[in-house]
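Visitor: I would like to learn how to read a few features of a protein model. Could you take them in turn?

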Amino acid sequence: MDDGKSVLTDADVLVVGERIEAVGRQLDVPEGTVEIDATGGIIMPGMVDTHRHMWQTAMRGYGADWTLTQYFVWNYLEHGKKFRPEDIHAGNLASAIESIEAGVTTTVDWSHGLQTIDHAEAAVDALQAVPGRFVLAYGNIHAGPWEWSTQPEFRAFVDRRFTGDDMLGFQLAFDVTGDPAFPERPAFEVARELGAPVTTHAGVWGATNNDSVQLMYDHGFMTPQTVYVHAATLSADSYHRIAATGGTVSVSTESEQSCGQGYPPTWILRSHDIPVALSVDTSVWWSADLFSAMRSTLGADRAREHLEAHAKGETITHCHLRADQAVEWATRGGARALGLDEKIGSLEVGKKADVVLLKNDDSPVMFPILNPYGHVVFQAQRADVHTVIVDGRVVKHNHRLVGVDLAPARRAIEATVEYLQGALGAEAWQQGMNPDIPQTKVLDNPYTYTDYRSAATHQASG
């Protein structure tokens with residue numbers, strides 16, 4: 001995939017060192033080159049997740065029935081503060097492995113559980129233990145960003161752990177409350193001094209709104225490097241400001257649909273020509289699976305387009321959003337959002353070799369491959385990820401991880417779960433995982449004169 005969204009058949013990708021050396025048919029290769037047979041498969045760029053709370057992977061699936069409110073209460077007000085540095089490490093380690101296994105070669109760790117520098121050290125240690133490309137988005141929901149970002153120990157941590165290596169990037173992660181006093185200014189100033197992008201949850205129903213965007217704009221802190229997560233409940237004026245300043249929106253469709261941040265906004269972002277990247281948010285609900293993200297995003301966008309037309313008595317006869325655009329959002333869109341477009345996101349000569357092969361000879365879903373972009377979005381799944389290369393290194397081959405040991409990650413997660421269960425107590429643990437179901441009333445049905453079961457039986461016997 002390049003600027004022209006080219007599709008080549010019977011073609012090769014040659015990797016030399018950490019970069020793509022050539023793309024084309026019948027390539028001449030150096031003697032001794034290792035060949036990976038991709039016949040019957042799809043070679044695509046590594047995918048990029050621009051927003052994932054990786055530390056929460058230690059609680060995988062725990063909040064499957066949560067609303068956003070329950071998530072906020074559990075993580076922000078009550079139990080999230082119980083996470084120790086080793087628990088942050090366990091979640092990040094499992095999440096990082098999950099990323100590369102699923103063909104996500106670059107992941108932003110939206111790490112808003114860094115209560116201390118020890119927590120931050122543990123987060124980075126875990127990321128660097130896995131052969132993927134990661135960005136630590138440093139945050140701490142238990143203190144104001146104007147507090148933790150201005151501390152000398154924070155600056156020392158940044159200077160010590162981030163040396164310009166493109167395998168480990170850095171962002172500041174915090175939200176703007178909308179307080180007219182704009183207490184977040186010092187944190188923005190720190191980001192500017194460090195040359196670090198800011199990633200922020202914007203346009204989240206009941207949490208961050210248009211006031212947040214206006215404050216950022218009025219004080220000159222909306223830049224092309226800013227990533228706005230969700231951006232689902234903003235006004236046209238706010239979208240205009242994002243478009244005018246060149247920022248990117250990270251859309252987490254499964255999260256927005258399930259939690260209530262707002263309707264997944266790609267349908268309106270397209271009308272403002274705002275760049276889009278994709279993300280999965282948190283494994284408290286969902287997996288690190290950008291195939292699901294692409295599929296749900298394309299479905300939500302098309303559903304909204306149809307519904308808007310139906311409300312006006314019109315019919316959509318041609319889809320505006322196409323499968324190739326969804327694949328681009330999952331790859332190059334993320335690369336652009338992170339300022340890495342010159343290095344990753346497409347299969348072009350000279351770029352870093354972050355490459356994914358989709359191939360599964362044992363799956364009836366992987367043939368025939370007629371429309372490659374449509375196949376990636378609607379047919380393929382993480383089980384079809386055959387080979388993953390990051391920075392020229394093979395980290396998964398023939399459906400198995402290479403040089404990654406799951407056993408330590410499993411033990412670390414088991415220890416964290418045991419600790420959290422003990423810290424919460426059995427009753428609170430079960431209650432948190434099984435929130436109350438609101439009472440509902442089934443509507444009275446006026447059509448009670450027909451017993452359809454009896455009618456169906458009579459019809460069948462007759």
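Visitor: In which loop is valine 349 found?

Guide: The model is a predicted one. Valine 349 sits in the loop that runs between helix 12 (323-337) and strand 12 (355-358).

Visitor: Is valine 349 buried or exposed?

Guide: A residue is called exposed when its relative accessible area is over 50%. Valine 349 has 57% relative accessibility, so it counts as exposed.

Visitor: Which residues make the nonpolar surface patch?

Guide: Leu8, Val23 and Val349 make the patch, with an area of about 240 Å².

Visitor: Strand 12 follows that loop. What is the order of the strands in the open sheet?

Guide: Two strands pair if at least two bridges are found between them. Here 5 strands form an open sheet in the order 3-12-13-14-15, and the pairing is antiparallel. Strand 3 (42-45) and strand 15 (400-401) are the edge strands, each pairing on one side only.

Visitor: How many bridges join strand 12 to strand 13?

Guide: Strand 12 and strand 13 (residues 385-390) run antiparallel and are joined by 4 bridges. As for single residues, valine 356 has valine 388 in strand 13 as its bridge partner.

Visitor: Now a helix. What span does helix 2 reach from its first C-alpha to its last?

Guide: The expected span is 1.5 Å times one less than the number of residues. Helix 2 (residues 85-101) has 17 residues and reaches 24 Å, close to the 24 Å expected.

Visitor: How many residues of helix 2 are buried, and which glycine follows the helix?

Guide: Of the 17 residues in helix 2, 13 are buried, so the helix is mostly covered. Glycine 103 follows helix 2 and has a positive phi, near 85°.

Definitions and conventions. Residues are numbered from 1 along each chain as its sequence is written. This is a predicted model: local features need pLDDT of at least 70, side-chain atom pairs count only at pLDDT 80 or more; totals for chains, interfaces and linings use all residues. Side-chain values use heavy atoms; hydrogens and water are left out. Patches are made of residues with over 30% relative accessible area and no salt bridge: like charges are joined within 9 Å, nonpolar side chains (Val, Leu, Ile, Met, Phe, Trp, Tyr) within 5 Å. Accessible areas come from the Shrake-Rupley method with a 1.4 Å probe; for residues, only the protein chains shown count as cover. A salt bridge is a side-chain nitrogen of Lys or Arg within 4 Å of a carboxyl oxygen of Asp or Glu. Helices (H or I, at least four residues) and strands (E, at least two) are DSSP runs, numbered from the N terminus. Buried means under 20% relative accessible area, exposed over 50%, partly exposed in between (1.4 Å probe, protein chains only).
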